[in-house]
Amino acid sequence: MRNAFPANLSFGIFDHLDEDGRDLAQQYSNRLTLAETCDRLGFYAYHLAEHHCTPHGRGPSPNLFLSSVAQRTRHLRVGPMVMLLSLCHPLRAFEEICMLDQLSGGRLELGIGRGSLPIELGYFGIDADAVPERYVEASEILVKAMKGGTLSYQGDHFELNNVPLTLKPYQRPHPPIWIATNRPESAAWAAANGANIACLGPASVVRKITDAFHSHREDYDGTNDQASFLGLLRMVVVGRSAAHAYSLAAPAYVRWVKSFKFLYDINAIPVPSNLPLTLDAAIESELCVVGTAASVRRSLLDQLEEAGANYLLCQLAFGDLPLDASIYTAMTIQSDIMDRVG
């Protein structure tokens with residue numbers, strides 16, 4: 001058992017809001033209850049994925065749901081992980097960002113990205129070949145908009161002429177920026193631009209990403225000197241025994257995989273080769289950490305250390321896990337890890 005806990009370790013919540021087999025309104029209500037619980041327990045932030053036309057994500061407008069989370073919590077920070085800039089007009093994105101940051105009293109953590117599955121954007125008429133350039137232009141516009149005043153931009157996908165920016169974010173100069181990445185090149189960009197990163201994968205692979213981040217951090221010349229978050233995402237289930245935890249996690253993971261594969265299956269797209277199809281495979285690949293409080297603590301801290309991460313993104317709710325199981329895991333993380341950090 002570990003005796004020393006990293007002093008700079010923080011804990012957040014990640015959520016796909018994937019279909020749980022329950023009524024949609026009830027699922028939203030349950031997630032709000034979980035967010036309230038995590039707020040009381042001292043978790044740092046609630047990060048919500050954006051997906052479209054798939055049971056893998058029942059929160060296609062993360063900012064809309066997160067505005068409800070912000071009103072039901074006092075300290076928990078909120079943010080999309082990520083807001084698909086390839087999909088929406090960057091001016092509309094900026095206005096939503098300002099609203100959410102103001103409504104939450106400056107608790108927005110802004111994740112931005114282009115989207116992981118082109119077919120989702122294709123449903124909106126956005127060609128996959130255009131996505132990279134649309135994302136670059138949209139992110140450039142967003143950065144310019146954060147400075148206020150009037151906005152002008154000439155690009156291949158977006159054109160703005162002397163647009164008056166009458167809204168501004170609560171946090172100045174802007175909310176913290178996040179990107180989700182499994183590539184060292186993207187981590188280098190994040191480091192040079194003062195952004196935070198969220199990573200998924202075996203700890204040994206994530207270590208290459210966090211190392212790249214550190215090696216490029218000196219390139220950042222911004223005004224924000226706050227230490228960056230280097231996030232590691234894990235699906236976590238804690239039970240009263242190892243067998244109990246496994247019995248909860250196994251069927252929930254089967255449902256989660258089914259939702260994940262939905263668009264791949266109906267469009268005859270091969271699923272990613274690194275997707276674990278069973279809970280055993282997910283545990284082996286370090287996507288899931290399942291067991292007793294003691295075993296989960298050891299595994300998580302070992303993986304965080306190997307990955308060089310300082311922020312644990314806990315996916316506490318997935319598939320058809322009951323709400324009380326997610327709350328039990330959250331409470332155990334708080335009592336067995338968070339309370340011991342220092």
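Which elements cover the buried residues of α2? The cover of these residues includes α1 (24-41), β2 (45-48), β3 (77-80), β4 (83-84) and α3 (90-103). The model is predicted, and the protein in it has 11 helices and 12 strands. This briefing treats the overall form, two helices with buried residues, the largest pocket, a buried asparagine, and backbone features.

**Overall form**

- For a protein of 342 residues, a compact globule would have a radius of gyration near 20 Å, and the 20 Å of this protein therefore agrees with that expectation.
- The C-alpha trace extends over about 60 × 45 × 35 Å along the principal axes of the protein.
- Of the 342 residues, 54% are buried.
- When contacts between residues at least 6 apart in sequence are considered, 73% of them join residues at least 24 apart.
- The protein has an accessible surface of about 15100 Å², and carbon and sulfur atoms account for 52% of this surface.

**Helices α2 and α6**

- Helix α2 comprises residues 62-72, and its buried residues include P62, N63, F65, L66, S67, V69 and A70.
- Two of the strands that contribute cover to the buried residues of α2, β3 and β4, are linked by the loop in which V82 is found.
- In α6, the residues S186, A187, A188, A190 and A191 are buried.
- Cover for the buried residues of α6 comes from elements including β8, β9 and α7 (203-216).
- G194, just after α6, adopts a positive phi of about 70°.

**The largest pocket**

- The volume of the largest pocket is about 1700 Å³.
- Its lining consists of 50 residues, and S116, A180, T181, N182 and L200 are those that lie nearest the centre of the pocket.
- At least two lining residues are supplied by each of β5 (110-113), α4 (118-122), α5 (131-145), β8 (177-180), α6 (184-192), β9 (196-199), α8 (242-266) and β12 (311-315).
- Helix α8 provides the largest share of the lining, with five residues.
- Classified by residue type, the lining has 28 nonpolar, 16 polar and six charged residues.
- Strands β8 and β9 thus appear in two settings: each supplies at least two residues of the pocket lining, and both are among the elements that cover the buried residues of α6.

**Asparagine 196**

- N196 is found in strand β9, one of the elements that supply the pocket lining.
- N196 counts as buried because its relative accessibility is 7%, and buried means under 20%.
- Leaving aside residues up to four places away in sequence, N196 touches E109, P176, I177, W178, I179, S228 and F229.

**Cis peptide bonds**

- M81 and V82 are joined by a cis peptide bond with omega of about 10°, and V82 is found in the loop between β3 and β4.
- A cis peptide bond also runs from R172 to P173, with omega near 5°; P173 lies in the loop between β7 (159-164) and β8.

**Positive phi in residues other than glycine**

- N162 is not a glycine, yet its phi is positive at about 50°.
- N162 is placed in strand β7 and counts as exposed because its relative accessibility is 57%, where exposed means over 50%.
- E286, likewise a residue other than glycine, has a positive phi near 75°.
- The loop between α9 (279-284) and β11 (288-291) contains E286.

Note on methods: Residues numbered from 1 in each chain as written. Predicted model: local features only at pLDDT ≥ 70, side-chain atom pairs only at ≥ 80, totals over all residues. Heavy atoms only, no water. 1 Å grid on protein atoms, 1.4 Å probe; cavity = no way out; pocket = protein on both sides within 12 Å on 5 of 7 lines; lining within 4 Å. Points joined across faces, edges and corners; volume = space filled by probe spheres on them. Helix = DSSP H or I, 4+ residues; strand = E, 2+ residues; numbered from the N terminus. Nonpolar A, V, L, I, M, F, W, Y, C, P; charged D, E, K, R; others polar. Buried < 20%, exposed > 50% of the residue type's maximum accessible area, 1.4 Å probe, protein only. Contact = heavy atoms within 4.5 Å. Rg over C-alpha atoms; globule rule 2.2 N^0.38 Å. Areas by Shrake-Rupley, 256 points an atom, 1.4 Å probe, with all protein chains shown as cover.
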